[in-house]
Amino acid sequence: MKQINLVQTEDTPKVVFDAQNGVFEISGRSMPEDTAKFYLPLIEWLMEYSKAPLEISHFSFHFEFMSTSTTKQMMKIFFAIEQISKNKKVEVIWNYDKGDINMKRSGELLQKLVTFKVEYKAV
């Protein structure tokens with residue numbers, strides 16, 4: 001699979017999806033004009049990866065800001081990770097800025113939708 005590397009902009013997060021090394025990162029601000037259009041290729045890519053994932057996949061999230069419509073797309077990403085976790089090991093880290101309790105809660109709400117464990121780190 002071709003690696004995805006998207007540079008962070010003012011409205012969109014940095015994205016690194018590296019199937020060869022099992023490393024996946026989304027970080028920064030997420031408030032794209034068309035959230036579904038931005039995230040659909042990422043979700044489709046993850047669903048394709050879920051068909052033949054590595055033994056362990058590492059996911060790291062760190063949002064400075066996440067729009068409500070991004071939360072809906074993150075649910076879909078968590079569901080794709082759930083598919084991977086059924087047969088292989090996943091490590092999911094939800095980073096949040098120290099004192100940003102709302103961002104931590106966003107991760108906790110997403111975790112309630114899935115069975116895999118999420119580690120929370122104040123950075």
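Let's start with glutamate 25, which touches Lys14, Val15, Val16, Phe17 and Ser60, leaving aside residues up to four places away in sequence. Please keep in mind that we are looking at a predicted model. Where along the chain does glutamate 25 sit? It is found in strand 3, which covers residues 23-30.

Have a look at Ser60 in that list of neighbours. Glutamate 25 and serine 60 are 35 residues apart in sequence, and their C-alpha atoms are 4.8 Å apart in space. Glutamate 25 also has a polar partner: its side chain and that of serine 27 are joined by a polar contact of 3.0 Å. Is glutamate 25 buried or partly exposed? Its relative accessible area is 22%, and buried means under 20%, so glutamate 25 counts as partly exposed.

Serine 60 takes us on to asparagine 95. The side chain of asparagine 95 makes a polar contact with the side chain of serine 60, at 3.2 Å. You will find asparagine 95 in strand 5, residues 89-96. Which residues does asparagine 95 touch, not counting those up to four places away in sequence? They are Ser60, Phe61, His62, Phe63, Lys121 and Val123. With a relative accessible area of 10%, asparagine 95 is buried.

Phe63 is a good bridge to our next stop, threonine 70. Again not counting residues up to four places away in sequence, threonine 70 touches Ser30, Met31, Pro32, Thr35, Tyr39 and Phe63. This threonine belongs to helix 2, which runs over residues 68-85. How much relative accessible area does threonine 70 have? The value is 0%, so threonine 70 is buried. Its side chain makes a polar contact of 2.9 Å with the side chain of serine 67.

Now over to helix 1, residues 35-49, where methionine 47 lies. Methionine 47 is partly exposed, with a relative accessible area of 35%. If we skip residues up to four places away in sequence, methionine 47 touches Ala80 and Gln83. What separates methionine 47 from isoleucine 4? They are 43 residues apart along the chain, and 14 Å lies between their C-alpha atoms.

Let's zoom out to the whole chain. How many helices and strands are there? The secondary structure comes to three helices and six strands. If you walk along the sequence, you meet them in the pattern β-β-β-α-β-α-β-α-β. The radius of gyration is 13 Å, close to the 14 Å that the globule rule gives for 123 residues, so the chain is as compact as a globular protein of that length. Along its principal axes, the C-alpha trace spans about 35 × 25 × 20 Å.

What about contacts across the sequence? Among contacts with a separation of 6 or more, 65% are between residues 24 or more positions apart. As for burial, buried residues make up 43% of the 123 residues, and asparagine 95 and threonine 70 are both buried.

Finally, the surface and the charges. The chain exposes about 6,900 Å², and carbon and sulfur atoms supply 51% of that area. There are 16 positive and 16 negative charges, and their mean positions are 5 Å apart.

To help you find your way back in the viewer, begin with glutamate 25 in strand 3, step across to serine 60, 4.8 Å away C-alpha to C-alpha, and then follow the polar contact from the serine 60 side chain to asparagine 95. Thanks for listening, everyone!

Definitions and conventions
Residues are numbered from 1 along each chain as its sequence is written. This is a predicted model: local features need pLDDT of at least 70, side-chain atom pairs count only at pLDDT 80 or more; totals for chains, interfaces and linings use all residues. Side-chain values use heavy atoms; hydrogens and water are left out. Helices (H or I, at least four residues) and strands (E, at least two) are DSSP runs, numbered from the N terminus. The radius of gyration is taken over C-alpha atoms; the globule rule is 2.2 Å times the number of residues to the power 0.38. Buried means under 20% relative accessible area, exposed over 50%, partly exposed in between (1.4 Å probe, protein chains only). Contact means heavy atoms within 4.5 Å. Accessible areas come from the Shrake-Rupley method with a 1.4 Å probe; for residues, only the protein chains shown count as cover. Lys and Arg count as positive and Asp and Glu as negative; His and the chain ends are not counted. The place of a charge is taken as NZ of Lys, CZ of Arg, CG of Asp or CD of Glu. A polar contact is a pair of N or O atoms within 3.5 Å; within protein, one must be able to donate a hydrogen and the other to accept it, and residues adjacent in sequence count only if both atoms are side-chain atoms.
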